[in-house]
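Me: Could you take one part of this model and look at it closely for me? I would like a connected account that goes from the backbone pairing to the side-chain contacts.

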Amino acid sequence: VQLQASGGGLVQAGGSQKLSCAASGRTFTMNAVGWFRQAPGKEREFVSAITWSDGVTRYADSVQGRFTISRERAKNTVTLQMNSLKPEDAAVYYCAAGPFLTSNRLAYNYWGQGTQVTVSS
């Protein structure tokens with residue numbers, strides 16, 4: 001499975017940004033797709049994930065109510081809509097695919113390259 005993340009950029013605090021993760025290859029092996037983020041000097045942390053088959057979602061407490069994850073199976077794409085962005089949301093965002101829905105990054109087998117999200121205050 002190959003994953004391509006896109007959509008990062010500079011946004012003002014309080015604004016919105018949409019990230020996309022395009023999957024290719026053996027996508028039938030994907031059961032869940034997640035988004036993680038890593039800020040400078042910090043560990044990579046879970047943001048959100050969705051099951052490929054039925055769209056069950058999970059969110060980190062820090063983004064619950066502000067971020068929405070969705071998938072479009074026909075296009076093999078997962079989208080992360082980020083609203084009400086805060087400076088602490090700034091990070092490199094990664095999408096990943098794995099065998100089940102979890103917040104544990106170690107369970108994800110495939111990773112895309114990161115996309116930078118910068119939030120100005």
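Reply: In this predicted model, strand β3 (residues 17–24) and strand β8 (residues 77–82) run antiparallel and are joined by six bridges. One residue pair to look for is Cys21, which stands opposite Val78 in β8. Both strands belong to an open sheet of four strands, arranged in the order β1-β3-β8-β7 with antiparallel pairing. At its edges are β1 (2–6) and β7 (67–72), each of which pairs on one side only. On average, neighbouring strands of this sheet are turned by 15 degrees against each other, direction ignored.

From there, let us move along to strand β9, which spans residues 91–98. This strand is mostly covered, with eight of its eight residues buried. Its backbone partners can be taken one at a time. With strand β4 (residues 32–38), β9 pairs in the antiparallel sense over seven bridges. In that pairing, Arg37 has Tyr93 of β9 as its bridge partner. With strand β11 (residues 115–120), β9 also runs antiparallel, and three bridges join the two. Tyr93 turns up again here, standing opposite Thr115 in β11. Strand β10 (residues 110–111) is another antiparallel partner of β9, over two bridges, and in this case Ala97 stands opposite Tyr110.

Arg37 is a handy residue for stepping from backbone to side chains. Side chains of opposite charge can pair when their charged atoms come close. The model has four salt bridges by the rule used here. In one of them, the side chains of Arg37 and Asp89 meet at 2.9 Å, N to O. Arg37 lies in strand β4 while Asp89 lies in the loop between β8 and β9, so this contact ties together parts that are 52 residues apart in sequence. Both Arg37 and Asp89 are buried.

Asp89 has a further partner: its side chain also meets that of Arg66 in a salt bridge, at 2.7 Å from N to O. Arg66 sits in the loop between β6 (57–59) and β7, and Asp89 in the loop between β8 and β9, so this pair ties together parts that are 23 residues apart in sequence. How do the accessibilities look at this spot? Asp89 has a relative accessible area of 1% and is buried. Arg66 comes to 12% relative accessibility, and it counts as buried because the cut-off is under 20%.

For another setting, look at Glu72 and Lys75, whose side chains meet in a salt bridge at 3.9 Å, N to O. Glu72 is partly exposed, with a relative accessible area of 40%, whereas Lys75 is exposed at 57%. Elsewhere, salt bridges that share partners join Arg37, Glu45, Arg66 and Asp89 into one network.

Now for the rings, where β9 comes back into the picture. There are five aromatic pairs by the rule used here. Tyr94 and Trp111 make up one of them, in an edge-to-face arrangement with 6.5 Å centre to centre and 75 degrees between the planes. This pair links distant parts of the chain, since Tyr94 is in strand β9 and Trp111 in strand β10, 17 residues apart. Tyr94 is buried, with a relative accessible area of 16%, while Trp111, at 30% relative accessibility, counts as partly exposed.

Trp111 also pairs edge-to-face with Tyr108, with 6.4 Å between the centres and 65 degrees between the planes. Tyr108 counts as buried, at 4% relative accessibility. Stepping back a little, Phe36, Phe46, Tyr94, Tyr108 and Trp111 form one aromatic cluster.

A charge joins these rings as well. The charged end of Arg44 sits over the ring of Tyr94, 3.7 Å from its centre. Arg44 also lies over the face of Trp111, at 5.0 Å from the ring centre.

If you would like a route for your viewer, start at Tyr93, the bridge partner of Arg37, and then follow the Arg37 side chain to its salt bridge with Asp89. From Asp89, continue to Arg66 through their salt bridge. Then return to β9 at Tyr94, cross to Trp111 through their aromatic pair, and finish at Arg44, which lies over the face of Trp111.

Terms used. Residues numbered from 1 in each chain as written. Predicted model: local features only at pLDDT ≥ 70, side-chain atom pairs only at ≥ 80, totals over all residues. Heavy atoms only, no water. Buried < 20%, exposed > 50% of the residue type's maximum accessible area, 1.4 Å probe, protein only. Pairing = 2+ DSSP bridges. Axes fitted to C-alpha atoms, helices over the stretch in contact; angles between N-to-C directions. Phe/Tyr/Trp six-rings, centres within 6.5 Å; stacked < 30°, edge-to-face > 60°. Lys NZ or Arg CZ within 6 Å of the ring centre and 35° of its normal.
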